[in-house]
Amino acid sequence: MKQCSYCGRDNADDALFCRECGTELERPSEPPPPEPQRPEYEFMPPSAADRTKDLVTLISCRTLVAADMIASRLRAAGIESFLPDESLMQVIGWNLNTYGYVRVQIAPKDYDAARDLLTEIGQDA
Ligand SMILES: [Zn+2]
């Protein structure tokens with residue numbers, strides 16, 4: 001039996017509303033289904049050759065917004081980053097799903113620090 005929280009009337013277990021006063025009865029609380037853990041971004045470990053370039057791709061983000069957020073976090077930590085796909089994404093933003101990702105590039109010397117920084121952020125979240 002479910003008891004109405006308003007008038008105290010007992011109602012059938014499957015009742016949605018109190019048959020006495022019409023108050024909505026409390027439903028048994030079901031835990032929300034667990035959200036599948038999807039990474040917001042993927043690290044792109046640079047090869048030895050990549051590390052000799054001016055810029056290496058730190059990570060690929062699914063959206064420009066995510067890439068921007070990472071860029072601003074890096075900037076706050078004193079690491080300059082560059083989004084080579086930014087202007088392209090703005091032009092073909094409507095086609096986001098087929099295009100797929102936005103790269104965040106940084107100087108190779110900053111790679112390890114940037115990765116550590118973002119890994120820490122990920123663990124906090
Ligand atoms: Zn009631």
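This is a short chat about a predicted model, taking up a zinc site, a residue beside it in the conversation, and a strand.

Reader: Which protein donors does the zinc ion have?
Author: In this predicted model, the donors of the zinc ion are the SG atoms of C4, C7, C18 and C21, and they lie 2.3 Å from it.

Reader: And how are those donor residues spaced in sequence?
Author: Their spacing follows the pattern C-x2-C-x10-C-x2-C. Within it, C7 and C18 link distant parts of the chain, 11 residues apart, with C7 in the loop between β1 (2-3) and β2 (10-11) and C18 in the loop between β2 and β3 (41-43).

Reader: Why is the arrangement around the zinc ion called tetrahedral?
Author: Because the angles subtended by the four donor atoms run from 105 to 118°, and four donors count as tetrahedral if all angles lie between 85 and 135 degrees.

Reader: Is C18 buried or exposed?
Author: C18 is buried, since its relative accessible area is 5%, while C7 counts as partly exposed at 37% relative accessibility.

Reader: Switching to N11, where does that residue lie?
Author: N11 lies in strand β2 and counts as buried, with a relative accessibility of 1%. The side chain of N11 reaches the backbone oxygen of R9 at 3.1 Å, and, leaving aside residues up to four places away in sequence, N11 touches several residues, including the zinc donors C4 and C18.

Reader: What about β4, which strand is joined to it?
Author: Strand β4 (residues 56-61) is joined by five bridges to strand β6 (residues 102-106), and the two run antiparallel. One of the residues involved is T57, whose bridge partner in β6 is Q105.

Reader: How many residues of β4 are buried?
Author: Six of its six residues are buried, so strand β4 is described as mostly covered.

Methods. Residues are numbered from 1 along each chain as its sequence is written. This is a predicted model: local features need pLDDT of at least 70, side-chain atom pairs count only at pLDDT 80 or more; totals for chains, interfaces and linings use all residues. Side-chain values use heavy atoms; hydrogens and water are left out. Donors are N, O and S atoms within 2.8 Å of the metal (3.2 Å for Na, K and Ca); water is not among the atoms, so sites may look incomplete. Four donors count as tetrahedral if all angles lie between 85 and 135 degrees; four count as square planar and six as octahedral if opposite donors are over 155 degrees apart and all others between 65 and 115; anything else is irregular. Helices (H or I, at least four residues) and strands (E, at least two) are DSSP runs, numbered from the N terminus. Buried means under 20% relative accessible area, exposed over 50%, partly exposed in between (1.4 Å probe, protein chains only). Two strands pair if DSSP finds at least two bridges between them. A polar contact is a pair of N or O atoms within 3.5 Å; within protein, one must be able to donate a hydrogen and the other to accept it, and residues adjacent in sequence count only if both atoms are side-chain atoms. Contact means heavy atoms within 4.5 Å.
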